[in-house]
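Welcome! Here are a few short exercises to work through with the structure open beside you.

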Amino acid sequence: MNKSYIVLMGIAVLAAGCGRGKEQENVVEERTPIVTVEKAVRETVPQDAVYSSTIQANVINNIAPQTGSRIQKINVEVGDFVSAGQVLAEMDRVQLQQAELQLKNSELELGRLKQLLSEGGISQSDYDALELQYNVARNSYDNLVENTILRSPVNGVVTARNYDRGDMYSMGQPIFTVQQITPVKVLVGITETDYTKVKVGDKVAVTADALPGEQFTGSIIRLYPVMDASSHTFNVEVCIGNEQRRLRPGMFARVTVNFGDNQSIVVPDASVVKMQGSGVRSVYVVDGNSMVELRTVTLGRHFDGKYEILSGLADDETVVVKGQSALKSGIKVDIR
């Protein structure tokens, strides 16, 4: 075989080997993960929570007489706003008129006997007996007035009318339902851990899905003393002024309760890795040599695209916010 041919083949083999070595080096370089990082910082974190609830009327009154009677007059309709003391309906007046006559008769008789008593014409016991009869007649008359002329006990809106003029009230459903909607209230189920952090007088923010873009301010007016067995929460009653009557009973509402502020470590929510099949949350921490470590953390509040970190991370540590899918602990990364 020609010696020059052998030399040329050897040179080609060496060149090919050098080329493959360079390709392998390039492959190693290409496999170095490229990541984006940010610093963990300490910020003021509002300790608030959002609870779902339903708007309720502050007071609900069912208007009806004590006994069955004919309805003589209907003065309001569903949707009408009424004031306290306004006459809503009037019942048959026969019994009321009879009671009025009896009262007037007792009043005249009492006045006559009072004169006789002053002159010594009757005993004190006889006068006291008639005075008792008069007081009974007065109470009976007042009760009949209240149950014949039906008035609203509160300022509110008529939300139900179950009878028409001329109907016989049968003591089933009430004639009217009046709900006070200025103010309204909501009941919020506060968790056991947060119950001790709220007190009467605290302000809360309220929004309603039916009124997008509007926010209302309410005050905590009552803390229920026992836990709800079904939800394991404590009910807190919130009162909202609702002067413009924008909120209506039945609306779905979200109540934001603030429990104070914490100075906590905060990272972007994109840095938090969720381990499939478990509740473990982790972040990749990058050291000064561009080496990564998978660190388990405890999350707190989520707000404005960030997570509060309660444990597992220190101030000014660097975390990966993009490119985690190609990472594992102990490898080097290329920070861009």
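**Exercise 1.** Is Q180 buried or exposed?

*Solution.* Keep in mind that this model is predicted. Begin by finding Q180 in strand 10, which covers residues 176-191. Next, take its relative accessible area, which is 14%. The cut-off for buried is under 20%, so Q180 is buried.

**Exercise 2.** Find out what surrounds Q180.

*Solution.* Set aside the neighbours within four places in sequence; Q180 is then in contact with A57, N58, V59, V154, N155 and G156. Now look at N58 again: its side chain makes a polar contact with the side chain of Q180, at 2.8 Å.

**Exercise 3.** Explore the largest nonpolar core and say which strand gives the most to it.

*Solution.* This core has 27 residues, and those touching the most other members are I190, V238, I240, L247 and V257. Two or more residues come from each of several elements, including strand 2 (41-54), strand 10 and strand 14 (252-268). Strand 10 gives the most, with five residues. To see one member up close, pick L247: not counting residues up to four places away in sequence, L247 touches I55, V184, A208, L211, F216, I240 and N242. There is also a second, separate core of 16 residues, with I63, Y163, Y169 and V178 among them.

**Exercise 4.** Which class of exposure does D142 count as?

*Solution.* First locate D142 in helix 3, residues 124-148. Its relative accessibility is 37%. Partly exposed lies between the 20% and 50% cut-offs, so D142 counts as partly exposed. As a last step, compare positions: D142 and E100 are 42 residues apart along the chain, and their C-alpha atoms are separated by 9.3 Å.

Conventions. Residues numbered from 1 in each chain as written. Predicted model: local features only at pLDDT ≥ 70, side-chain atom pairs only at ≥ 80, totals over all residues. Heavy atoms only, no water. Helix = DSSP H or I, 4+ residues; strand = E, 2+ residues; numbered from the N terminus. Buried < 20%, exposed > 50% of the residue type's maximum accessible area, 1.4 Å probe, protein only. Polar contact = N/O pair within 3.5 Å; in protein donor to acceptor, adjacent residues only side chain to side chain. Contact = heavy atoms within 4.5 Å. Core = buried A, V, L, I, M, F, W, Y, C linked by side-chain atoms within 4.5 Å.
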